[in-house]
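These are my notebook entries on a structure that I consulted for a reader new to it. I set down what I looked up, one topic at a time.

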Amino acid sequence: MNIQLLNKNITDISADILVEFLSSDELNEHKNNKILNMAGFKAEQDSICFLHEQAILFCGVEKKKSDEIRSAASSMIKAVKSSNYTSVKISVLNNSTLTALVEGIVLAGYEFNDYKSKPEEITLKDISLVANELDFGELKTTFDEALIVAKATCFTRDIVNTAPQELNPQTMVTLAKKLAADNALECNILQEEDLAKEKMGSMLAVGRASIHGSALIHLTYKPSNPKKIISLVGKGLTYDSGGLSLKPATSMVTMKMDKAGACAVLGMIKAASELKLNIEIHAFIGAVENMVGGDAYKPDDVLVSRSGTTIEVRNTDAEGRLVLADVLNYAQDTVKADYIFDFATLTGACMVALGQYTTGLMGHSHKLKHDLSKAGTASGELISSLPFNRHLKKLLKSEIADISNVASKPYGGAITAGMFLDKFIQKENKNKWMHFDIAGSAYTEAAWDCNVYGGTGAGVRLISNYLKSI
Ligand code: BES
Ligand code: ZN
Ligand code: ZN
């Protein structure tokens, strides 16, 4: 599927079908009102109506704002893809909704077919977005940037969707090296012997039963005169079986997605480097597989983390925080960043708290929370803050070590996980750090908005938007 922006009169473009967004207010005045009425089209949000003889596809929108256009464009692209049209043309409404239009088309048009022996053939080849009488220079910039971010989101999705027998910590290293080579990033890999030298006892324990060696991946994007430095840390559990605290069979299915934090971070640094942002970006990934075996770490083990903090393991399925404890500590010692953001499919509790569409945001800085929720609104990603409190913090107390890896009570599990991570954030960094729990938002088994089955790429649009706003 090829998508292009053209500076022409829409009538001068030849395409099989024209797409028109229509709100219910506009419907009565429309020249096709009668026939649309006969077809039962009320221009409701996400509804569509083909007028094949006139070669028009009408798409209902509640209003002509970004969220509505993204969603309607998503319904549109799916409908056109399942037809036999080969080309469509769409009038660009304005600059402020162009990004959403591109996202709807690219992200809802996304397919992951690596494992299909005979993928369904798509006849649709060309999508022309047509702008006339609008500032084309401005539109072109918006279009190019939107495409970079949408493609980076698809890149993240591809990795999330890759099966765990193919994508393990070591193939994640190979993939990161390729990204670094393609995008002129610096790349430093710490293999198990290096992790041992670094005394990363917490991260190493999680991966011990796996046949694939754990690895810490550090990629850097360094523009010449950066305004800010940011560290992005990702949970890269290429598979989470739960370990000896084994997950029930039905909960284990989809746990290839436990690497989504790492994949998001890779998508973010890819987008930032292609957008040529003037911000130095460090991506730190803990790539680990949580398995069972004679050498597996156990509930009752006490781990010594890189920071020296000892951790009582009470549940080997709360492994993400153990990996992040060491990676966050390493990241803080390696780079003096202005911001430190971590992304992790950390807790099922986050989905209970916020639903599966929303990313949970935790940390101490009100300013960062405010700025990131603004980036959420602007990017169309849902994000909501979950507040820390001292009562929940007490639930992480251990009788025999400095901290327990699970809380003693089951409620507020997303927050107690966030507060566990907080234990590994150095004093001077408290207001620079934000934790993003993407357990719900990173993966879906039912299409919603511009997301289709599988990885969503949650975080990539949000952070690209935030970084552009700095
Ligand atoms: N990777 C899971 C969290 C998860 C669950 C992500 C469902 C996406 C969907 C994480 O490692 C985990 O298992 N967390 C436990 C923590 C518990 C043992 C305190 C959980 O959420 O049940
Ligand atoms: Zn787990
Ligand atoms: Zn996990």
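**Entry 1. Charges over rings.** I note at the outset that this is a predicted model. I began with K270, which lies over the face of F155 at 5.2 Å from the ring centre. I then looked up R157 and found its charged end over the ring of Y110, 5.1 Å from the centre of that ring.

**Entry 2. Domains.** I consulted the domain assignment of the protein chain, which gives domain 1 as residues 2-133 and domain 2 as residues 150-469. How far apart do the C-alpha centres of domain 1 and domain 2 lie? I recorded 36 Å between these centres. The contact between them takes 13 residues from domain 1 and 16 residues from domain 2.

**Entry 3. The zinc ion (ligand 2).** I asked which residues coordinate the zinc ion (ligand 2). D240 does so through OD, D317 through both O and OD, and E319 through OE, at 2.0 to 2.2 Å. The spacing of these donor residues in sequence is D-x76-D-x1-E. I then turned to the geometry: the six donor atoms of the zinc ion (ligand 2) give angles of 71 to 166°, and the site is irregular. For an octahedral site, opposite donors must be over 155 degrees apart and all others between 65 and 115.

I also checked the accessibility of two of the donors. D317 has a relative accessible area of 23% and is therefore partly exposed. E319 is at 0% relative accessibility, so I entered E319 as buried.

**Entry 4. The zinc ion (ligand 3).** For the zinc ion (ligand 3) I listed the protein donors K235 (NZ), D240 (OD), D258 (OD) and E319 (OE), which lie 1.9 to 2.4 Å from the ion. Their spacing along the sequence reads K-x4-D-x17-D-x60-E. Why is the arrangement around the zinc ion (ligand 3) octahedral? The six donor atoms subtend angles of 76 to 174°, and the arrangement is octahedral because of these angles.

I next looked for a residue bridging the zinc ion (ligand 3) and the zinc ion (ligand 2), and found D240 in that role, with the two ions 3.2 Å apart. K235 and E319 link distant parts of the chain, being 84 residues apart. K235 belongs to strand β9 (residues 228-240), whereas E319 is in the loop between β12 (310-312) and α11 (320-334). Both K235 and E319 are buried.

**Entry 5. Aromatic pairs.** How many aromatic pairs does a search of the whole structure find? I recorded 13. One that I examined is formed by F41 and F58: the ring centres are 6.5 Å apart and the planes stand at 45°, so this pair is tilted. F41 is in the loop between α2 (33-38) and β3 (48-51), and F58 is in strand β4 (residues 56-60), so the pair ties together parts 17 residues apart in sequence. I found both F41 and F58 to be buried.

I then examined F50 and Y85, an aromatic pair that is stacked, with 5.9 Å from centre to centre and 25° between the planes. F50 lies in strand β3, while Y85 lies in the loop between α3 (66-81) and β5 (87-91), so the pair ties together parts 35 residues apart in sequence. Is F50 buried or partly exposed? Its relative accessible area is 23%, and F50 is therefore partly exposed. Y85, by contrast, has a relative accessible area of 14% and is buried.

I also entered one aromatic cluster, formed by Y339, F341, F343, F436 and Y466.

**Entry 6. S83.** I located S83 in the loop between α3 and β5. At 13% relative accessibility, S83 counts as buried. Setting aside residues up to four places away in sequence, S83 touches F50 and T123.

**Entry 7. L98.** My last residue was L98, which has its place in helix α4 (residues 98-108). L98 is at 1% relative accessibility and so counts as buried. Which residues does L98 touch, not counting those up to four places away in sequence? I listed V92, L129, L139, T142 and F143. I also looked up the separation of the C-alpha atoms of L98 and A146: they are 8.1 Å apart, with these positions 48 residues apart along the chain.

Note on methods: Residues are numbered from 1 along each chain as its sequence is written. Chains are lettered from A and ligands numbered from 1 in the order in which they are written. This is a predicted model: local features need pLDDT of at least 70, side-chain atom pairs count only at pLDDT 80 or more; totals for chains, interfaces and linings use all residues. Side-chain values use heavy atoms; hydrogens and water are left out. Donors are N, O and S atoms within 2.8 Å of the metal (3.2 Å for Na, K and Ca); water is not among the atoms, so sites may look incomplete. Four donors count as tetrahedral if all angles lie between 85 and 135 degrees; four count as square planar and six as octahedral if opposite donors are over 155 degrees apart and all others between 65 and 115; anything else is irregular. Buried means under 20% relative accessible area, exposed over 50%, partly exposed in between (1.4 Å probe, protein chains only). Rings of Phe, Tyr and Trp (its six-membered ring) pair if their centres lie within 6.5 Å; planes under 30 degrees apart count as stacked, over 60 as edge-to-face and the rest as tilted. Helices (H or I, at least four residues) and strands (E, at least two) are DSSP runs, numbered from the N terminus. A charge sits over a ring if NZ of Lys or CZ of Arg is within 6 Å of the ring centre and within 35 degrees of the ring normal. Domain bounds come from an automatic or database domain assignment. Contact means heavy atoms within 4.5 Å.
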